[in-house]
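Please consider the following structure with attention to one strand and its neighbours, and to the pockets.

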Amino acid sequence: TGHLHLEGSVPTDFLARIALKNDLQQHANLFQAYRPRRFGSFAEFSKLIILTAETLRTRKDFLHAAQLLGERLRHENVIYAEIIWVPQLYFRHAIPLDDILSAMNTARRHVLAEHGIEMNWIIDLVRGYPDKGSRVLKWLETIDLASSHIVGIGLGGNETYSLEGMRDLLLAGRALGLDLYPHSGEQCGPDEVEAVIEMLSPRRIAHGIRAAERDATLHLIQSEGIHLDICPTSNLALGVFDSFRDLPIRALTEAGCSFSINTDDPALLGIDLDSEIRRCMDVHGLTADFLHRMYQGAADATFLPSERRADLRKRLA
């Protein structure tokens, strides 16, 4: 699985407990009362991600959050995950980024030893904040990326912000050896997807589903061999589509696009990967054979070296 945010995967009951521990009573109240819902705007949903980041304060918080994510992956029969993490959300924290990453990698070792599940990290920059993005890049330049298990650099946030201010930062991340993983084609349509492809030439795109609004954009994605990590329930929760049936999954299959089904922020959305897959099978007629090919394609699109991708395909088979 590739489109999965650490901050959106932390169980809200856990967040409520550590909010109390960290003397954040208002945060605890919010997480105790929280129920998955449709959001009025992307900004409304983003506030929840920010509240989650404000709640995680100590090394032990991050250790337990990443271990709980590993447990979630075990129940969903995942064998490999590239997990998105947003460092700039923690600049105000007393704990340094190095210590947060160290705690996450301690959890990573535990999950690998206990469950055989490998977790690697994608560092996400946020559109509209190039200064903070520059600070993240400077930090990345100081660490050993391979031993830190960082494999990609992404771009999240509000798609209505221009790419221009972030492009050089992402290309600098690529120069460090990281694959690019931009969010695109959720809030905005085919023009935005084509701009991302032109500026960044990514092998994989988070979302990308609104490329289906233009045949030429689907052809571009198919011909360039770009893999789309689509997130059905996330699209509904943020008002991109009204119903599961409205998702243009059939258009993606008919265009021959490579895509996979993902959960995005499963704790906040109240979903799991199995239920997402079952609904796509029931509503859009996806077959077991198609799903096999889908996740072989997802394995090919991971940010692993080629020999590791081949091993992953064998494990999936």
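The report below treats strand 3 and its partners, and then the two largest pockets, in a predicted model.

**Strand 3 and its surroundings**

Strand 3 spans residues 150-156. Is this strand enclosed or open to its surroundings? With buried taken as under 20% relative accessible area, 7 of the 7 residues of strand 3 are buried, so the strand is largely enclosed by the rest of the structure.

Strand 3 pairs with strand 2 and with strand 4. Strand 2, residues 118-126, runs parallel to strand 3, and the two are joined over 6 bridges. Within this pairing, Trp121 has Ile150 of strand 3 as its bridge partner. Strand 4, residues 179-184, is also parallel to strand 3, with 4 bridges between them. Here Gly152 is bridged to Asp179 of strand 4.

The connection between strand 3 and strand 4 involves helix 8, residues 164-175; together the three elements form a β-α-β unit, and this unit is right-handed.

**The two largest pockets**

The largest pocket has a volume of about 950 Å³. Its lining comprises 37 residues, of which Ser46, Ile49, Ile50, Leu89 and Val126 are the closest to the centre of the pocket. Two elements, helix 3 (42-55) and strand 2, each give two or more residues to this lining. Helix 3 is the greatest contributor, with 9 residues. Strand 2 thus appears twice in this account: it pairs with strand 3, and it contributes to the lining of the largest pocket.

The second largest pocket holds about 490 Å³ of space. It is lined by 25 residues, and those closest to its centre are Thr1, Asn77, Leu273, Tyr295 and Leu316. The elements that supply two or more residues to this lining are strand 1 (80-85), strand 6 (227-230), helix 14 (273-284), helix 15 (288-300) and helix 16 (306-316). Among these, helix 15 gives the most, with 6 residues.

The table sets out the composition of the two linings by residue class.

| Pocket | Nonpolar | Polar | Charged |
|---|---|---|---|
| Largest pocket | 15 residues | 11 residues | 11 residues |
| Second largest pocket | 11 residues | 9 residues | 5 residues |

In the lining of the largest pocket, 11 polar and 11 charged residues accompany 15 nonpolar ones. In the lining of the second largest pocket, 11 nonpolar residues occur with 9 polar and 5 charged residues.

Note on methods: Residues are numbered from 1 along each chain as its sequence is written. This is a predicted model: local features need pLDDT of at least 70, side-chain atom pairs count only at pLDDT 80 or more; totals for chains, interfaces and linings use all residues. Side-chain values use heavy atoms; hydrogens and water are left out. Buried means under 20% relative accessible area, exposed over 50%, partly exposed in between (1.4 Å probe, protein chains only). Two strands pair if DSSP finds at least two bridges between them. A crossover is right-handed if, with the strands pointing away from the viewer, the path from the first strand over the helix to the second runs clockwise. On a 1 Å grid over the protein atoms alone, a cavity is a set of points where a 1.4 Å probe fits but cannot get out, and a pocket is an open set with protein on both sides within 12 Å along at least five of seven lines; lining residues have an atom within 4 Å of a point. Grid points are joined across faces, edges and corners, and a volume is the space filled by probe spheres set on the points. Ala, Val, Leu, Ile, Met, Phe, Trp, Tyr, Cys and Pro count as nonpolar, Asp, Glu, Lys and Arg as charged, and the others, Gly among them, as polar.
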